[in-house]
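Here are a few exercises to work through with the model open beside you. Try each task before reading its solution.

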Amino acid sequence: MKLTLRVWRQRNADADGAMSTYEVDGVSPDMSFLEMLDTLNEELILKGEDPVAFDHDCREGICGACSLVINGEAHGPERTTTCQLHMRSFRDGDTLDIEPWRASAFPVIKDLVVDRSAFDRIIQAGGYITAPTGSAPEAHATPVPKPDADLAFEHAECIGCGACVAACPNGAAMLFTSAKVNHLNVLPQGAPERETRVLDMVAQMDEEGFGGCTLAGECATACPKGIPLTSITSMNKEWLRATRKVAKR
Amino acid sequence: MALATRTDRRPSLARTVWDSSVGKKAVMAVSGIVMLLYLVVHMIGNLKIFFGPGEFNHYAHWLRTLGEPFMHYEWTLWMIRVVLVAAVVAHAVSAYQLSRRDLRARPSKYVHRKARASYATRTMRWGGVILGLFIVWHLLDLTTGTVHAGGFQEGHPYQNVVDTFSTWYGNVVYIVAVLALGLHVRHGFFSAAQTLGAGSRTRNRALRAVADVLALLLTAGFVAVPVGVMTGVVS
Amino acid sequence: MTDYATYTTGAPIADTKAPSGPVHERWDKRRFEAKLVNPANRRKHTVIVVGTGLAGGSAGATLAEQGYHVVQFCYQDSPRRAHSIAAQGGINAAKNYRNDGDSVHRLFYDTVKGGDFRARESNVHRLAQISVEIIDQCVAQGVPFAREYGGLLDTRSFGGVQVSRTFYARGQTGQQLLLGAYQALSRQIAAGGVEMHPRTEMLDLIVVDGRARGIVARDLVTGTVSTYFADAVVLASGGYGNVFYLSTNAMNSNATAVWRAHRRGAYFANPCFTQIHPTCIPRTGDHQSKLTLMSESLRNDGRIWVPKAKGDTRPPHEIPEDERDYYLERIYPSFGNLVPRDIASRAAKNVCDEGRGVGPGGQGVYLDFADAIRRMGRAAVEAKYGNLFDMYQRITDEDPYQVPMRIYPAVHYTMGGLWVDYDLQTTIPGLFAIGEANFSDHGANRLGASALMQGLADGYFVLPATINDYLARNPGLGPVDDEHPVVQEALAETQDRLHLLLSVDGDRTPDSFHREVGELMWEFCGMARTESGLRKALERIPQIRDEFWRRIKVPGTGEEFNQSLEKANRIVDYLELAELMCLDALHRAESCGGHFREESQTPDGEAARRDEEFSYAAAWEFTGTGEAPVLHKEDLVFEYVHPTQRSYA
C-alpha cells in the first residue's frame, strides 16, 4: 500500500504548527498504525529530517499513551486505540490527516505529543480511596454484589488516553472524570469519600480548563474502552446528591 | 496549577452550584424544564383559538383572574411572569457562560473536520439565540402590542393573533422560531434529564422517545395557529 | 583487552540480612530487628523512587504515607502508564478461599519449585506470606476484582498450578492493580508527600562515599539534564526484556536505570534468566515493533496442537482430529496444556523446528477453543475470554471463535536483575531494587500471576519495612550538591554520552541497531542456548557496539523533546547488557527454568539441572565496558523444599 500522510508538525509548545505532507510506500495491511509511522520515521532519520514525535508505549491498547486524531477521529476509524489500529482499515492511495489531541487543557509539546497532566491532577483531587498500606481489613469482610463489582470494573477500564476530550466539541473531560467517580462510588469501599470525591474531582476538572458537557456523545463514540455516555449521567447524579449532602453537614 | 484541596469548610450550596460547570448545567436543566412546562400549558391554551373568539378571549381573561378572590387581578399572572423571566435569565446566562467555557476549552479546530453529533445537538446555541430574540418580538407583538401589525387591541387577543398571522413576516418569524423550539426541546429535554441524573441505560430509550414526542407535539401545536390563520380556519 | 568470555571469579557473596530460624518466622524476626526511624524524623529523609509501576507506585505511596519525602520519576507522561498495566492474567495469593488445599507453604513450595530451585527460600516464603495481605490492601483501595454472585472474590487456577489461587479482574488485572497503586500515589502527590517527575528519565546513579545519594535524570520535554539528591535511591524500573527488541514489554521499557547502577557498582544477578511466554501472537513481518501477549489463562480452556505431518498447509478445520498432535497433552498427560511457561515455550519451539509450525513462516502453533465452545457454550467462553478474543481479532483479523488462534513464544519477563539482599538492598548501600528490577524471588523461572504479587509485595510491604533500617542506621549522611566532584563527573559523563550520540551523524538509525542486537540475542540467547552460539554472540556484540558508535545517526539536539536520542541512549546500555546476559548463559552450563542449555538435557529432552555445580545465584561485578566482569557466587541452601528434578509428566 502507498499512502499520503498529512501530519501536524510543531517544533515545541511555543512554536506555530502546520500540516506537512509525506508519502509512505510499502505499507503492509498487517502493520499497526504506529508501525506505519515507525517506517516513516526511519526514512526521515536517514534523510536527516526530524522524525515525527508521537506518544506510544505498550502498543497493546492498555497504557493509554498513544493519542492521534486520524482523519478527524480520535484513534481513527475503528473503536480502539491508535496502537491497535491496523493498516487494513485503510486503502491503497488513501490520504490520511494525522493531528494531535486538541484542547486547551492538553497543550501540544511537540508534533503529535500533548501534555495530559491535567488528568493526573483530576485523579489527585479525589480519584482514590483512602486506604493507607497496612490498614486494610480482610478482603472478604465486605462482600460486593457482583453487578456492582462489574459496574465498577466497566468504569475502571478507562485508560486515561484522553480520546474523550479530543473528540468532544467542547474539549470536556466529563467522560474521563465520570469513569473514575463511578468506579469508586459504586463500591462500598468508596462510600466514605463518595461526596467529597465527586465534588473535588469536578472542581479540579473545571479548574483545568476543560469544557462542559452538551451531550454531543462524541466522547463515548471515541472511547476505545467503551465507557458509556450514561457514565456522565451517573456522575451528574452523584454530584447533585453530594451538593445536597454536603450542604446539610 | 493549584489543586482543589480537600477541606471541611465548603462554599454554600448556591455558590457550589453556580461555580461548577456541572452545577450550571443543572441550573439550565431546571430553568429549561420550567419553561418547557409553561410551553405545554401555553400551547394547550393557544389551541383554544380553534373554538372561536369567545372561548379564546375568555381564556385570556381568566388567566388574569386566576386565583381570585385570594389573589388580586393579574397577581398570579405576574407571579408566573416573574418566574418565567427568572428562568429565561438563568437559562441564558448559564448558557452564555458555559458556551464561553466550551469555546475556550477548544480554541483550535481540527484541520480535518468531522461532525458527528446530531443536528439538534449542534444547533443548541444558535437555536437558543433565535428563541431569545423571538421571545422579545413575541412579547412586543402580542403582549404589549408595541410592534403589532394592524392596531393592537387590549383584551382582544383573538383579533391580535389573527392580525399577526395575516402578515407574511409574522408567519415566517413565528414558524422559524417554533421549528427552532422543536429542535431545542428535542435535545434539551434529553440533555436536561441526563444533567439531573435521571437517565440510565434502561431509561434512556424512553427519555429519548419522550423528548421526540414533546418536541413534535409542541411544534405541531404551535404551528397549528399560524397555519389555521393562513388557511382561513381561524379568521 | 581480555576476552569477555574469560571472566574471573571473586569472593562469594552472602545475604547478610536474612535472618536465621524457622522460615515462617524470618520475616517477623527481620522486621523486629530492623531499626525504625522516628515518625517525626521521617520527613527529613528524602527517598528517590525510579519508576511508577506496581513496585514503584506502591513503594512511593507507602513511603510517603509513612512520612518520608519521596521524589519519584517515570519516563511516561503519567505514572499511570507504567507497563505493569499490561499484565493480563491475575495475581496469586495463598488465601485458600476455595478450600482446595492451598496454604502459604504451598505457594512457597510451588514458587521455589517453579523457579527450578534457583531462588532463596527466605525471600520466597516472605512473598507467599505477604501475598495474603496484598489482596486485602487492593480490595480496600477499590480494585474491582472479579466476584461471584455471593459477592465474594472469584479465583482461578493459572499456569502450572493445581490450586485455584489466582485473583483476577477480567483480562486486565495488571491495569486494575496498577491503577490502585497509582491512585494511592496520586493521593500522596496531592498531599505533598510525593514530588512527581513524569517524562523524566534516570540516566545515571550518583554514589558518594560508597553510598547511593542521588540520580542524574533528563527532562524528556526540555532535554535538561539535572541531578536529584536523596538519602536512599529505590530502583523500580522494571525488567530488561527489550534487549531482544521484540518482546511483550512496552516500547520504551528499558534497562538504563539498572545498567547504570550496575556500572556504578551494583552487582547484576542471573542476567540470563529470561522468561519466554508461550502464548503470544506470532509476528507478521519485519515491520513488527513489539509482540502482544495473550493471557496464559487461555491455556485453561484452549487446547494447543499442530498437524502431525510436516509442512501440512491445510487450513485448521480441514485437518481431521486424528491428524492433529495435541503435543502438550501427549507429552505431559497430568498437566497437559497447563505446564509451566518455559516447558510450553520450548515444546512449541521444538514442534516448529520439526517443521510442523503453522501460519506464515511456520512460526506458530494452534490454540484451539472449539472443544471449549462445544463444552461450555459460546456465551461462557465469551464471558471468560471475550476481551482477549477481541484483541486477537483486532490484531490478526481472524475470528478465534471460528478459527483456532495462532500463538508463538516471546520474551516476556526477566527473572534476573540487580542483586539484592533480604532487605532488597543492592551491593551499593542505600540503593534498593524492587519488582522486576531485582532478581530475588523467581529463581530461574517465574510462575504465572506471580509478577504482580512480587511487585506489590516489594512495594507495599517489604521495602517500606526494610528501608527504615538503612535510614535509621545512617541518620547523618552529609549534604551533597552539584559542586561535589563525584556529582560533576556523573553529570559530565551523561552529557558527554548524549553529545557523542548526537555528533556521530552516521548512516544507521537507532532502531536498526536495536533490531540487530535483538535478533542476535533471540537466536543465541533465547529459548535454547548452546556454548558455540553464545560464543558467537559474545564475539558479535562488541562488533555491533563498535559499529554503533561509528554509524549511529540521531537527528535533532539534546535540548528538546527528542525520542531518537532517548532510544539511542537506551541502546548503548542494551549493547553492554546483552554481553553480560550471554556470558552468564555461557557460564551456567546447566539447564534450569527459563535457561535451557542444549548440552544439558535428559535423554527425553527435558532440562537437566546440575545442582552440584550451579546451585547458586550468579552476581556479576562490572569492571569496564567490554572488560571481563567478576563473578560472585551466592550459594543457595534449601532447607524446606528439597531440589528435585522438575517433572510435569
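**Exercise 1.** Find which residue of β19(C) stands opposite C:V233, and work out how the strands pair.

*Solution.* Start at C:V233 in this predicted model. Across from C:V233 stands C:L431, which belongs to β19(C). Next, look at the strands themselves: β11(C), residues 232-235, runs parallel to β19(C), and three bridges join the pair.

**Exercise 2.** Place β11 and β19 of chain C in their sheet, and name the strands at the edges.

*Solution.* Step one is the strand order: β7-β3-β2-β11-β19 in chain C, five strands in an open sheet with parallel pairing. Step two is to look for strands that pair on one side only: these are β7 (194-197) and β19 (431-433) of chain C, the edge strands. Step three is the twist: on average, neighbouring strands of this sheet are turned by 20° against each other, direction ignored.

**Exercise 3.** Which strands does helix α13 of chain C lie across, and at what angle to β11(C) does the helix run?

*Solution.* Follow residues 451-473, and you will see α13(C) lying across β2 (46-50), β11 and β19 of chain C. Its direction makes an angle of about 150° with β11(C).

**Exercise 4.** Describe the side of chain C that touches chain A.

*Solution.* Begin with the counts: 63 residues of chain C contact 67 residues of chain A. Helices supplying at least two residues each on the chain C side include α13, α3 (54-66) and α17 (563-587). The most comes from α6(C), with nine residues. Finally, sort the chain C side by type: 24 residues are nonpolar, 24 polar and 15 charged.

Methods: Residues numbered from 1 in each chain as written. Chains lettered and ligands numbered in written order. Predicted model: local features only at pLDDT ≥ 70, side-chain atom pairs only at ≥ 80, totals over all residues. Pairing = 2+ DSSP bridges. Helix = DSSP H or I, 4+ residues; strand = E, 2+ residues; numbered from the N terminus. Axes fitted to C-alpha atoms, helices over the stretch in contact; angles between N-to-C directions. Contact = placed C-beta atoms within 7 Å. Nonpolar A, V, L, I, M, F, W, Y, C, P; charged D, E, K, R; others polar.
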